[in-house]
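Hi everyone, thanks for coming. Let's take a few minutes to look at one helix and what packs around it.

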Amino acid sequence: MQIAVVEDDDGVGDALVEALGTHGHQAVRMRRGSDLLLGHRGVDAVILDLGLPDADGLQVLRQLRAVSDVPVVILTARDDERSVVRGLRGGADDYLVKPARLAELLARLDVVTQRRRATGPSSAQTVTQGDVVVDLAAREVEVGGAPVSLTAKEFELLEVLVTRPGAAVSRQQLMDAVWGDAYVAISRTLDVHMTGLRAKLGRPGLISTIRGYGYRWGT
Ligand code: CA
């Protein structure tokens with residue numbers, strides 16, 4: 001598994017990266033909360049310290065949860081009940097107090113990632129809605145039997161929407177998935193690509209706007 005180790009303490013961080021490596025995982029060391037918010041894609045699990053130099057880990061977790069359901073295990077020196085409850089309520093899958101035993105940490109990582117896989121979204125290769133067919137593997141779109149040529153960004157936007165049919169997808173989730181950063185001001189870029197995508201599909205109502213939130217594919 002690829003595991004993000006979000007830890008500003010070099011002693012703890014280096015030891016974790018090495019230990020995870022010897023157990024067959026690929027650990028990516030991150031020192032700041034913002035590193036995680038920018039680099040969580042492709043990561044299978046996160047080990048999250050709470051005392052980080054740029055933000056409190058609980059705040060980082062909240063921001064992460066707005067865009068991602070990657071499994072998170074909090075690993076912190078904070079052992080008070082309030083912090084544990086806030087961590088778990090804030091979307092952490094598990095909570096461990098330092099110093100944690102390595103075997104226990106590895107076991108808990110396994111549990112949270114297996115649980116997530118069991119409930120994860122199905123990976124359909126083709127999505128059909130009316131006469132619109134989206135082939136996710138080939139990255140091709142047909143409308144009324146005719147191929148439609150989309151730009152890379154337009155296709156990525158479409159992909160995010162069609163893999164969550166009927167669900168409200170926030171602008172933040174779209175920007176994070178397609179541009180890799182939900183926290184920079186690229187709102188208008190999203191609008192431009194969404195306008196292009198809708199025009200090319202030529203099926204009004206297929207992607208509906210949820211005012212003040214985002215978009216939805218299908219009905
Ligand atoms: Ca720390």
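In α8, the buried residues (under 20% relative accessible area, with a 1.4 Å probe and protein chains only) are Leu190, His193, Met194, Gly196, Leu197 and Leu201. Down the axis of α8 these fall within an arc of 160°, taken from the directions from the helix axis to the C-beta atoms, so they line one face of the helix. An α-helix has 3.6 residues a turn, so residues three or four places apart point the same way. On the other side of α8, Arg188, Val192, Thr195 and Ala199 are exposed, meaning over 50%.

A quick word on the model: it is predicted, with local features needing pLDDT of at least 70 and side-chain atom pairs counting only at pLDDT 80 or more, while totals for chains, interfaces and linings use all residues. Residues are numbered from 1 along each chain as its sequence is written, and side-chain values use heavy atoms, leaving out hydrogens and water.

So what covers the buried residues of α8? The cover includes β7, β8, α6, α7, β11 and β12.

Now for the core. The largest nonpolar core (buried Ala, Val, Leu, Ile, Met, Phe, Trp, Tyr and Cys residues joined through side-chain atoms within 4.5 Å) has 26 residues. Val134, Val141, Leu158, Leu174, Leu201, Ile207 and Trp217 touch the most other members. The largest share, six residues, comes from α6.

Finally, take Leu158: setting aside neighbours within four places in sequence, its contacts (heavy atoms within 4.5 Å) include Leu197, Leu201 and Trp217.

Terms used:
Helix = DSSP H or I, 4+ residues; strand = E, 2+ residues; numbered from the N terminus.
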